[in-house]
Amino acid sequence: MIDAIGYAADNRHAMLKPQKFQCDEPGAHDVEIRILFCGVCHSDIHQVKNEWGNTVYPCMPGHEIVGHAVRIGASVTRIRVGDVVGVGCMIDSCRSCEACRAGAENYCLGPNSWLATYNGPMKPKSKAVTGENMYGRDNTFGGYSSAIVVREDFVLKIPAALKPEAAAPILCAGVTTYSPMKHWRVGAGSKVGILGFGGLGDMAAKLARAMGAHVTIFSRSREKIEEGARIGVDHVVIEGDDEKFARLAGTFDFILSTIPEKHDLNRFTPMLKWNGVLVVVGALEPMAPVNNMVVAAQRLSVAGSLIGSIAETQEVLDFCAEHGVAPDIEMIGIEEINHAFRRVEAGEVRFRYVIDMATLRDAG
Ligand code: ZN
Ligand code: ZN
C-alpha cells in the first residue's frame, strides 16, 4: 500500500482537514501519480456539502489533478515514469456500453455509469463482490492529496507547452466548455454568448476566442468588464441592463451557461438566432420552465452537456497548448482551502484557484 495524505471533510458541515489514507499499489495497467497541483472546482463544494444528495464521507475532493507519473504497471505503454500527467473527473467506466464504445465515457450507460475521481462509490463488477471499489474504500478519494493511482487509459498527457499548474483547470473547466462548443460546431465567425464569468466562463471565453468566435460575456459584476477586455472578449454585458438585452435579441448562434446554480433561461433564449442553441453546463439541478413559444418560433434548442470524454480532454489540452490558451489561476496553499471555498461560493473570484500540493508536506 502507498501511504498518502489529503484534505477531506467528515460531514456536510465540516471544514476540510488533513487525513491520512492508503492507495493500492499500481496494478499492471495503472499509473501512480505524485500530485503537484489540483484545481478547485465549484462542484467540489457542491459535493463536500452534499448538495447533490449523494456524498459519501469522508469526502476528499479534487478532479483537476496534475502530477508526475512516479510508477507504472507492467502493461502500461503510453505513459512513462517522469511524465507530467493529468486526471480529470473520471477514472473508469463500464467500457462496454454504447457510449463507452463510441468513446464517450462521460455518458456511460453502464449500471454504475462512470467512476468519479472522488466520491465515486463503485467500480462496476467489484462493487457487487466486495462492497468496495478497486481502491479498497467505499468511495474514491480525489486530488486534494499527495497521490492517486489511475488506470492508464484515464490518464491524460500534459503537453510540454502548458505550465502544469495552468493545465489543471483545463481537465474539468476546460473540457466542460470545449466539448459542447465542439459538438455544436462553434468556429470562425460564430456569435457566442457566455453566461457567468467564473472559472468555467473564463475557459469558455478563451476557447471560443481561439476557435475564431465573436464572444460576449454576461456577468452580474461591473468589475468584470475590465477583466473581459483583458482576455480579449468582444463585449461584456451586465445583468440588469435591459436596454442592452433588448438590442441583442436574435444575435447569437450559441449561448453557453456556466452559471453554477438554477437561473431563468427565458432571459436569454430570445437572444438566439434562428436554429440557435443554448447549452447549460453549470447548473446540475431542476431549472425554471422554459417558454416554448420562444423556442419553437425560431427552432431553438435548449440543451445540456456533461464534462467531456477522455479523448476530448486530451484534445482540449493539446488545443490549449497549440493556441496559447491558459486559465487565469491563483495558487493557494492547501491550508487556505476552506477560505477559498467561501470565496468561490460568494462568487468573488473570476480566476480558478489551484492548490500547490507541495504545501501538503507541512500538513502531515
Ligand atoms: Zn469540476
Ligand atoms: Zn459505459
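## A walk through two domains and two zinc sites

Let us begin where the halves of the chain meet: 11 residues of domain 1 are in contact with 15 residues of domain 2, contact meaning heavy atoms within 4.5 Å. This is a predicted model, in which local features need pLDDT of at least 70 and side-chain atom pairs count only at pLDDT 80 or more, while totals for chains, interfaces and linings use all residues. Residues are numbered from 1 along each chain as its sequence is written, chains are lettered from A and ligands numbered from 1 in the order in which they are written, and side-chain values use heavy atoms, with hydrogens and water left out.

Domain 1 is made of 2-171 + 328-362, and domain 2 covers 174-304; these bounds come from an automatic or database domain assignment. Taken over C-alpha atoms, the domain centres are 29 Å apart. Between them the two domains bury about 1,100 Å², with 46% of that on carbon and sulfur atoms. Buried area here is the accessible area (1.4 Å probe) that two parts lose on being put together, summed over both.

Now to the metals. The zinc ion (ligand 1) is held by Cys41 (SG), His63 (NE2) and Cys172 (SG), at 2.1 to 2.2 Å. Donors are N, O and S atoms within 2.8 Å of the metal (3.2 Å for Na, K and Ca), and because water is not among the atoms, sites may look incomplete. Along the sequence, the donor residues of this ion are spaced C-x21-H-x108-C. Cys41 sits in the loop between strand E3 (30-39) and helix H1 (42-48), and His63 in the loop between H1 and strand E4 (65-72), so this pair ties together parts that are 22 residues apart in sequence. Helices (H or I, at least four residues) and strands (E, at least two) are DSSP runs, numbered from the N terminus. Both Cys41 and His63 are buried, where buried means under 20% relative accessible area, exposed over 50%, and partly exposed in between (1.4 Å probe, protein chains only).

The loop between H1 and E4 is also the place of Pro58. The peptide bond leading into Pro58 from Tyr57 is cis, with omega near 0°.

The zinc ion (ligand 2) has four sulfur donors: Cys94 (SG), Cys97 (SG), Cys100 (SG) and Cys108 (SG) coordinate the ion at 2.3 to 2.4 Å. Their spacing along the chain is C-x2-C-x2-C-x7-C. Cys97, in the loop between strand E6 (90-92) and helix H2 (98-101), and Cys108, in the loop between H2 and strand E7 (115-116), are 11 residues apart. Cys97 is buried at a relative accessible area of 11%, and Cys108 is buried at 7%. The angles among the four donor atoms run from 102 to 120°, and the site is tetrahedral; four donors earn that label if all angles lie between 85 and 135 degrees.

Next, follow the chain into helix H5 (residues 173-183), where nine of the 11 residues are buried. Among them are Ala173, Gly174, Val175 and Thr176. The cover over the buried residues of H5 includes helix H6 (199-210), strand E13 (252-257), E14, H10 and strand E17 (352-356).

What is notable about the backbone just after H5? There, Arg185 takes a positive phi of about 55°. Most residues other than glycine have a negative phi, and most peptide bonds are trans. Asn275, in strand E14 (residues 272-280), has a positive phi of about 70° although it is not a glycine; Asn275 is partly exposed, with a relative accessible area of 32%. Ile307 also has a positive phi, of about 45°. Ile307 belongs to the loop between strand E15 (301-304) and helix H10 (310-323) and is buried, at 9% relative accessible area.

Two more side chains deserve a visit. Arg209, in helix H6, is partly exposed at 36%. Leaving aside neighbours within four places in sequence, Arg209 is in contact with Val215, Gly232, Val233 and Asp234. Asn338, in helix H11 (residues 337-345), is buried at 14% relative accessibility. Not counting residues up to four places away in sequence, Asn338 touches Met15 and Leu16. A polar atom of the Asn338 side chain lies 2.8 Å from the backbone nitrogen of Leu16.

Methods: Four donors count as tetrahedral if all angles lie between 85 and 135 degrees; four count as square planar and six as octahedral if opposite donors are over 155 degrees apart and all others between 65 and 115; anything else is irregular. A polar contact is a pair of N or O atoms within 3.5 Å; within protein, one must be able to donate a hydrogen and the other to accept it, and residues adjacent in sequence count only if both atoms are side-chain atoms.
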